[in-house]
Every structure is written in C-alpha cells, then in structure tokens.
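Q: Please look closely at one part of this structure and describe how it is packed against its surroundings. Please then set that part in context, including how far the prediction can be relied upon.

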Amino acid sequence: MTTPAKDPTPDTFPTAELLGGAAELLRPDGPDHDVVVSSRVRLARNLAGFPFVAHASRTDRNQILDLCRHRLAAADGPGPFTWLRVHDLKAVDRSLLVERHLISKQHAKGAMAGGQGGPDEPRAAAISLPLERLSAMVNEEDHLRLQSLRAGLALADAYRDADALDDHIEAGLDFAFHPRLGYLTACPTNVGTGARFSVMLHLPGLRMTGDIEKVKRAADDMSLAIRGFYGEGSQNIGDFYQLSNQTTLGKSERVLLHDMESSIVPRVIEYERLGRRMLIERRRDILEDKVSRALGLLRSARLVASDEAMGLLSHVRLGIVLGLIPDVPLATVSGLMLLVQPAHLQRKIGREMPQAERRRARADLLRATLGREGLLRDDPAR
Amino acid sequence: MLCECGQAEATVHEVLIKGDKQVARHLCEQCARKAGIDPKPSGSMTELIAKHAMGHSMGIGAQIVTAPKRAASCPSCKTTYDSFKQNGVLGCPECYTTFLEVLTPLLERAHEGATHHVGKIPRRALDSTKSHPGSRIDALLGSLEQRAERLATLRKQLDEAIRAEQYERAAKVRDEIRSLGEIVDEGAEPEPS
C-alpha cells in the first residue's frame, strides 16, 4: 500500500481553502451559465527599468518578485492575496493551480522562451482566496499577468476588477509603456492593451450537430482564438472551448470588451442553444440516451481516467441545463470537473497516487458524489 | 552571413524539408531571384506573429523569410533581432524602440493592421503629467503627430462601425475619442502661473 508522501518542507499550500468549494468558478448562477462556464480577463504588464523575464538575471527576477509581492500586499488594494512561491511548491500543487486555471502550464514548469528555464526559476502566484476571482502570475512570460475571473458571461465585471487591480499596482510601480505601442510585453502579440478577454464555452450542441467547425472558421475570420480547456496549445476536453481575442493593439479595452461580450459571444450562445433545441426536437432519444449513459457510467464505473470523466461530466452538464437530469445540482458537476483532475484528486484523497490507483479513487469519488455509493458501501468484495 | 555567390550579404534564407532532412540555403536577393525564389515573405495573416517572426511560413516544405534591416543589438539588453526571431520574445522594453522599424510590419500582421495603441494609459503616470506637463505627457501619449494618428485610428473605427450600423460599438469608440480628447486637453494646458 502507498503511504502518505513525506513533505521535504513544511506544507503551507492552502489546500483546504482551494478545495473548500467557495470558488467563483463553482457558482452555478452566472449569466448564460447554460453555455458560458466562465469569463476571464488577463492583463500583461512589465515593470519599467527591468529586462523582460527571459532576459532578466536571477537577481532581477527576485527583485521583481519582491516588488510585486509588496505592491499586491498593500492594505489599500484589492485582496488580500495568498502569495505562493511557485518554485518552492511540490509538483502536485503546481499542477493543482494549473487545473484551477490559476497559473499556466508554462508557469508550473518554469519554462522560459528559447527552451531555457526550469522548476527552480524564481516565480510566484498570488491568489485572492477563497473566491479566486483575482490572481496574478509573477515572472511568467511577462513580469506580471493579472487575471480576473467570473462565473458565466460577465466580462465587464471581470474587467472592472482587473482594471482596479492594475491601477492599484501602477499606483506604486512604473509599468513599461510606449507612447505609440502602449503596454510593452515580452512577445509583440500582446503589446498595446496587453488585454486578453476570454470565455470558456460549453458547446456540446454545436459539436453534435457538426457546426463547431463553422464557429471555428468564423472565429478565425474575426481574429479570435479558439483554444482547448487549458488554453494555448491544449486539446479541447469534453466540448469545452476557450474563445479569446488575439488582437491587443489598435483596439481599446472597451471596444474589445464590447466586441466579445455584446457581439460575438451572444451569437455563439444563440447558435449553441439553437443546436440544442434542434437535438431535443429531432433527436431527443439519442440525446437522452447519451446523457443518461454518461450519468450511469459515472455512477457505476470502477476505473475512470480523467479525460473520460471530463467527457462524461460534460454530457451530464448538458443534461442538467436542459432539464433532463433533475436530481444533480450544476455546482456538483462543476466541482467534480475540478476534483477528477489528477492533482485535485490526490489532494482531495490526501496522498499522492500512481495513475492506476487514481483511476480507482476517481471512480470511487464519482460514485460517492453522484449518488449510488450508499447502495455499494457495504459491498463485502471491497 | 554571405550568399552562396560569396559576393553579397545573404538576405533570403530558404529551408527545404527533404524527407526528414533540412536543407538550408542562404542567398542574396539577386541569386534568390535567379533560383526562382520570391524574396517577399509569405504566410497567412492570421498566423501569430511569434511564429511569423521565428520564420515559420505557411508554405509546405519551404520557408522563405527576408532578413530585415536591423540594428545590430539593443543598446540596453544586447538582444539581437536574430535571437528575437529564434525565441519569439524581446529582451527588454527598450527593444521596441531599437527594432521598431522591423517590428512594425510584424505588429501589423498580428494586430489586424494596427500600428498605434488606443485604450488605457497608466493612470498614476498620467495624473503626474498634470503637475509636469510637456515631456512627461509626450512619454505617455507621444508627440502631437502621434496623438493625431491615434485619433485618426479611432475616427476610422468610428466610421467603420457607423457604416456597418454597429451603433453600440460606435458609441464605445466615441467614448474612447472623448476620453483621449480630455486627456490631451488636460495635459496640454500649461500650468497656471
């Protein structure tokens, strides 16, 4: 049997708070939550007077950490923020932050441009707990990446918070800014506003009707990026797609925000709802079968991989918002979508496990949460 | 790097993938024409700038990138344009000034033709210009000429939005023009003596 892993350093990772279920992401009543899982605004900022991260010395990067930490901790700002030195975290905890979309995979690895970097590079994450609405990565590709999150379609609210946090930091630190090019970023694709407005969409209807390709083409025409569940370079899992602007120069934040929130995303939502209505009207049997099978599998399977779980939970989510599954709350599914991920699962169970063991633990957790466990708990075979 | 002819600087770099082997050729513009290679860069507009800057074109098998005129290296961080092409990231804020000329076409491709920032300006920095007008506001908003260009960009966006009957969008652009106007007016006013 596996014994709990020994911690080489005292464990101050806020596991209990992160897994406490209070996160904004789990709120089931966000605007247009039937299609839009979450809205996110990211601002890329760099401190004046320092080279960008990949060219900065270790001393510079440590100094950048100190400056940002100090500024984020200032009492008059939004927050409070929990400060995590990412280079000191265990691998499982870095993965947990990736699974919660609080840091990027690149930041977890400490990877830098040109194949440099590694897990020991000085870098940090700041998180406003317990809601996790605001967070920051320090020393990722840019010195500062601010993130603001809301459940459902609420980009304007998310931007308001991000803007206020940005002002607060700038009140004490000079940002690199160019009169013609705006906020300067390590990669010229982010220069200008440095703002990325993105929404996580659940599009099972469009996938089933085959119209998802049309949406992808339309997005491309409008210079928008459609990405997978974990952003750049990731696969789509369970019909979740992240839609975001690519252009950051020449369009103001309020125009970008308007284009996304009032023009583009509502059209995709409408299109997805139309697809779902069509499926209900013309292929109700197939749809109900898909949803019920998914729930059935989650309630009875003994070994479940994380991608499989995500795919099944995606169908259950669809079933819930269409009223086909009356007895499972949406928040439960949102919570499970996090808890079935490898790092979350290990932290929830309280020990690190090899993959095979995780499949079993994941299936146990799913059964326990989705309702049948009561009947099976006293199974003598266990 | 010299061209194969040994007489001129190679500005056209072609990489052919034959089987799993890469064959690279470095030619001057004249030799490139003789070899039937179009020395203009090719590639899809929607391709990200980083990829573009790194020399990935959309052509199958071959990549053709013209070497731009460049400053040797950034005086502040010593980053060269070649290393930017390799890594996709610049070395420091100063690099934008150093490489502005060669970066401009890349920026236009990545940002739907845009060359000027419109939108947020750091607030405290902007407020501080009120007590020190002149050079400080130039550092944030650019010269009068650049400010005029920014306004022109916005007016064009306003026209486009109205022509497309996107009135809500037009209103957002108008707000932007108004706030920029206010900033410029405030900043331009001399201190009361």
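A: **The surroundings of one helix**

The buried residues of helix α12 of chain A are covered by elements that include α1 (15-18), α3 (91-99), α11 (330-339) and α13 (355-370) of chain A. The model considered here is a predicted one. Helix α12(A) itself runs over residues 342-349, and its buried residues are A:Ala343, A:His344, A:Leu345, A:Gln346 and A:Arg347. Immediately after α12(A) comes A:Gly350, whose phi is positive, at about 100°.

A second packing arrangement in chain A involves helix α5 (residues 155-170) and helix α8 (residues 253-282). Two packed helices are described by the angle between their axes and by the distance between the axes. For α5(A) and α8(A), the axes come within 10 Å and cross at roughly 155°. Because angles over 145 degrees count as roughly antiparallel, α5(A) is described as roughly antiparallel to α8(A). The crossing of α5(A) past α8(A) is right-handed. On the α5(A) side, the contact is made by A:Leu155, A:Ala156 and A:Tyr159, while α8(A) contributes A:Glu253, A:Leu257, A:Met260 and A:Glu261.

The cysteines add a further detail. A disulfide would require two cysteine sulfur atoms within 2.5 Å, and by this rule the count over all chains is zero. A:Cys68 is therefore in no disulfide, since the nearest cysteine sulfur, that of B:Cys92, is 17 Å away. A:Cys68 is also buried, with a relative accessible area of 1%. A:Cys187 is likewise in no disulfide, and the nearest cysteine sulfur, belonging to B:Cys95, is 13 Å away. With a relative accessibility of 6%, A:Cys187 also counts as buried.

As to confidence, the model scores ipTM 0.86 and pTM 0.82. Chain B has an average pLDDT of 73, and 64% of its residues score at least 70. Two stretches of chain B stay under a pLDDT of 50. One is residues 40-68, for which the model has 59 contacts beyond four places in sequence. Another is residues 189-193, for which the model has four contacts beyond four places in sequence.

Conventions. Residues numbered from 1 in each chain as written. Chains lettered and ligands numbered in written order. Predicted model: local features only at pLDDT ≥ 70, side-chain atom pairs only at ≥ 80, totals over all residues. Heavy atoms only, no water. Buried < 20%, exposed > 50% of the residue type's maximum accessible area, 1.4 Å probe, protein only. pLDDT = per-residue confidence, 0-100. Contact = heavy atoms within 4.5 Å. Axes fitted to C-alpha atoms, helices over the stretch in contact; angles between N-to-C directions. Helix = DSSP H or I, 4+ residues; strand = E, 2+ residues; numbered from the N terminus. Parallel < 35°, antiparallel > 145°, perpendicular 65-115°, else oblique. Left-handed = near helix turned anticlockwise from the far one by under 90°.
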